[in-house]
Amino acid sequence: MLDYKDILTKRYVLRLSLREIAEQTGAGKSGVHDFLKAFEKCADLDFPLPPGITNAGIAMKVYGKVPGEGGRDESYEYPDYQQVLKLCFLSSTFP
């Protein structure tokens, strides 16, 4: 997860460019850009941030959820690799 508080401080206090923020935080320039655009559209939050707000709190206000929650579908069934390997050897199409 991006360090939202750090990004906002670098943008609004230090007045750094997107490139500089990305370099200093180790984040991608597009990720920083997308977050700042979403932050600017957020009606519930503004800079300076309210005291005690966390990165998760910022994410909830800006995105409506914390990144990483409810992401990957864990019900996906993986193939039976042993069976696949047997079929490859039996059909002699194995490279």
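Okay, let's start in the middle: the buried residues of helix 4 pack against helix 1, residues 4–12, and helix 3, residues 29–41. Before I go on, keep in mind that this is a predicted model.

So which residues of helix 4 are buried? In helix 4, which covers residues 55–63, they're Ile 58, Ala 59 and Val 62. If you look down the axis of helix 4, those buried residues fall within an arc of 100°, so they line one face of the helix. The general point behind that is helix geometry: an α-helix has 3.6 residues a turn, so residues three or four places apart point the same way. Right after helix 4 comes Gly 64, with a positive phi near 85°.

Let me zoom out for a second. The protein has five helices and zero strands, so along the sequence you read α-α-α-α-α. There are 95 residues, and 23% of them count as buried. The accessible surface comes to about 7,100 Å², with 54% of that belonging to carbon and sulfur atoms. And if you take contacts between residues at least 6 apart in sequence, 50% of them join residues at least 24 apart.

Now the aromatics. How many aromatic pairs are there? The count comes to six. Take Phe 35 and Tyr 63: their ring centres are 6.5 Å apart and the planes sit at 50°, so this pair is tilted. The pair links distant parts of the chain, because Phe 35 is in helix 3 and Tyr 63 is in helix 4, 28 residues apart. Buried or exposed? Phe 35 is buried, with a relative accessible area of 0%, while Tyr 63 is partly exposed at 38%. Both belong to a cluster linked by ring pairs, along with Tyr 4, Tyr 12, Phe 39 and Phe 47.

Phe 47 brings me to the backbone. A cis peptide bond joins Phe 47 to Pro 48, with omega at about 10°. Where's Pro 48? In the loop between helix 3 and helix 4. As background, most peptide bonds are trans, and most residues other than glycine have a negative phi.

On that second point, have a look at Arg 15. Its phi is positive, near 60°, and Arg 15 isn't a glycine. Arg 15 is in the loop between helix 1 and helix 2, and it counts as exposed because its relative accessibility is 64%.

Arg 15 also turns up among the contacts of Lys 10, over in helix 1. Is that lysine buried or exposed? Lys 10 has a relative accessibility of 13%, and the cut-off for buried is under 20%, so Lys 10 counts as buried. What does Lys 10 touch? Leaving out residues up to four places away in sequence, you get Arg 15, Leu 16, Ile 21, Gln 24 and Thr 25.

Ile 21 is a good way into my last bit, helix 2 against helix 3. Helix 2 is residues 18–25, and it packs with helix 3 at an angle of about 115°, with the axes 8 Å apart. The crossing is right-handed. Who meets whom there? From helix 2 you have Leu 18, Ile 21 and Ala 22, and they meet Lys 29, Val 32, His 33 and Leu 36 in helix 3. So Ile 21 appears in both places: it touches Lys 10, and it's part of the helix 2 side facing helix 3 contacts.

That's my tour; questions welcome.

Technical notes:
Residues numbered from 1 in each chain as written. Predicted model: local features only at pLDDT ≥ 70, side-chain atom pairs only at ≥ 80, totals over all residues. Heavy atoms only, no water. Buried < 20%, exposed > 50% of the residue type's maximum accessible area, 1.4 Å probe, protein only. Helix = DSSP H or I, 4+ residues; strand = E, 2+ residues; numbered from the N terminus. Arc of directions from axis to C-beta. Contact = heavy atoms within 4.5 Å. Phe/Tyr/Trp six-rings, centres within 6.5 Å; stacked < 30°, edge-to-face > 60°. Areas by Shrake-Rupley, 256 points an atom, 1.4 Å probe, with all protein chains shown as cover. Axes fitted to C-alpha atoms, helices over the stretch in contact; angles between N-to-C directions. Left-handed = near helix turned anticlockwise from the far one by under 90°.
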